[in-house]
Structures are given as structure tokens and as C-alpha cells.
Amino acid sequence: TLGDAGLGLKLHAEAREGRHDLRNRWRLNERDARLLIARYLRPIPRLDLGCIVREFASAAMDLSDGLIKDLGRMCRASGVGARIEAAALPVSASLARMRAEDMPAFAAHVSVGDDYEILATVPVAEIEAMRAERQPDDNGFRRIGTVVAEPGVIVTAGDDTIVPFDHTGWDHF
């Protein structure tokens, strides 16, 4: 799920200061807050999917610096753009509630990074074959958008309005 580590980072920082502003704002119970913080402190990369993705994807990379930042890098390297549907992004219940109630807050958390998922582009003709290769206990793959000819990454809400991302991800330099 995307954004859990970003929200976990902010929850962890608040807890260290003895505050619980985000936890209270998003009505997170102790268990949910601990799970989100764990997603930040102890990420679990989905290495098991690497071989499957390698067989079917036309491009792939780790998603560690934030969806918009990393997808933008992939698109620039390939000379294409992407259109993403915010509702299609795989998120936890906590982030789903945020997406429904406050899209700018959702965008801020989902773009932090540290998600350690696999971002891949797969030709339409290969999607079903790739899905058939996944393990029964795996969450599978999620289509979040489409590669397009126009450069840039655009995220849209359900009504096709563009979701602004003030911060696209982590910059190392």
C-alpha cells in the first residue's frame, strides 16, 4: 500500500515529541498507528514479485522516493508520460479515509516515499498472463493508470480533476 510509510514517518515524529495531532485528526487507533509506523521503520520490499515483473514488464523500478517522483523518472527515461487515477492507488484503510476526506492531505502523504513497492509498466496484452503467475497468497498487481505519449505525470480524481502534488517525493540532492 502506498503512503503508509509517509504517514508512519509523520506519526513517529509526532509521538517522539509527545504529540498525536495526526492520529487524532485521522481517528487512528493505537493498532493502526503502530502498523503505519512499522511500515516506515521496517519496510518489507516485495522481492518475490521481481522475477514475475521481470518476465512481463517493459519497464520497472523500485518505488522508494515517492510515486510521482519515481514514475516521473521512469517516464522521462522512456520518453513518455503517465496518467494515474487516485482511486486506483492501493492504500490502507487509513489512507483511503484520507483520500475520501482530504485529497491534498492524501497527496502529501502518498508522495513521501519509503513504500518499497515495485513500479512497472506492462503491455496490455501481457497483463492477464502476469496476473496468472502470482502466488495465491500475494496481493497481486494493481493497475493504477496508463502510459501516454505526452510527457509528465498527471494524477486525476474520480471526476477527472487533476490532483495537485506540491511535493512529488524524496530528493537525495
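The exercises below work through a predicted model of one protein.

**Exercise 1. Describe the overall fold and its dimensions.**

Step 1. Start with the secondary structure: the protein has 8 helices and 5 strands.

Step 2. Put these elements in sequence order. The pattern reads α-α-α-α-β-α-β-α-α-β-α-β-β.

Step 3. Turn to the extent of the chain. The C-alpha trace spans about 50 × 35 × 35 Å along its principal axes.

Step 4. Test the protein against a compact globule. For 173 residues such a globule would have a radius of gyration near 16 Å, and the protein has 16 Å, so the two agree.

**Exercise 2. Describe the contacts, the surface and the charges of the protein.**

Step 1. Take the contacts between residues at least 6 apart in sequence. Of these, 78% join residues at least 24 apart.

Step 2. Consider burial and surface. Of the 173 residues, 40% count as buried. The exposed area is about 9800 Å², and carbon and sulfur atoms supply 54% of that area.

Step 3. Locate the charges. There are 22 positive and 27 negative charges, and their mean positions are 4 Å apart.

**Exercise 3. Is Asp4 buried or exposed, and which residues does Asp4 contact?**

Step 1. Place the residue: Asp4 lies in helix H1, which covers residues 4-16.

Step 2. Apply the cut-off. The relative accessible area of Asp4 is 5%, and buried means under 20%, so Asp4 is buried.

Step 3. List the contacts, leaving aside neighbours within four places in sequence. Asp4 is in contact with Leu36, Arg39, Ser92, Leu95 and Asp115.

Step 4. Look at Ser92 again. The side chains of Asp4 and Ser92 are joined by a polar contact of 2.7 Å.

**Exercise 4. Which residues of helix H7 are buried, and what do they pack against?**

Step 1. Helix H7 runs over residues 103-110, and its buried residues are Ala105, Phe106, Ala107, His109 and Val110.

Step 2. These buried residues pack against four named helices: H1, H2 (21-25), H5 (67-78) and H6 (93-101).

**Exercise 5. Set Val148 beside Ile162 in location, accessibility and contacts.**

Step 1. Val148 is in strand E4, residues 145-148, whereas Ile162 is in the segment after strand E5 (152-156).

Step 2. Val148 has a relative accessible area of 18% and is therefore buried. Ile162 has 56% and counts as exposed, because the cut-off for exposed is over 50%.

Step 3. Leave out residues up to four places away in sequence. Val148 then touches Val80, Gly81, Ala82 and Arg83, while Ile162 touches Ile154, Val155 and Thr156.

Step 4. Relate sequence separation to C-alpha distance. Val148 and Ala77 are 71 residues apart in sequence and 14 Å apart in space. Ile162 and Arg83 are 79 residues apart in sequence and 9.9 Å apart in space.

**Exercise 6. What is the sign of phi at Asp114 and at Asp160, and where does each residue lie?**

Step 1. Recall the usual case: most residues other than glycine have a negative phi.

Step 2. Asp114 has a positive phi, near 65°. The residue sits in the loop between H7 and strand E3 (117-121).

Step 3. Asp160 also has a positive phi, about 70°, and lies in the segment after E5.

Step 4. Add accessibility. Asp114 is partly exposed at 23% relative accessible area, and Asp160 is exposed at 62%.

Note on methods. Residues numbered from 1 in each chain as written. Predicted model: local features only at pLDDT ≥ 70, side-chain atom pairs only at ≥ 80, totals over all residues. Heavy atoms only, no water. Helix = DSSP H or I, 4+ residues; strand = E, 2+ residues; numbered from the N terminus. Rg over C-alpha atoms; globule rule 2.2 N^0.38 Å. Buried < 20%, exposed > 50% of the residue type's maximum accessible area, 1.4 Å probe, protein only. Contact = heavy atoms within 4.5 Å. Areas by Shrake-Rupley, 256 points an atom, 1.4 Å probe, with all protein chains shown as cover. Lys, Arg positive; Asp, Glu negative; His and termini not counted. Charge placed at Lys NZ, Arg CZ, Asp CG, Glu CD. Polar contact = N/O pair within 3.5 Å; in protein donor to acceptor, adjacent residues only side chain to side chain.
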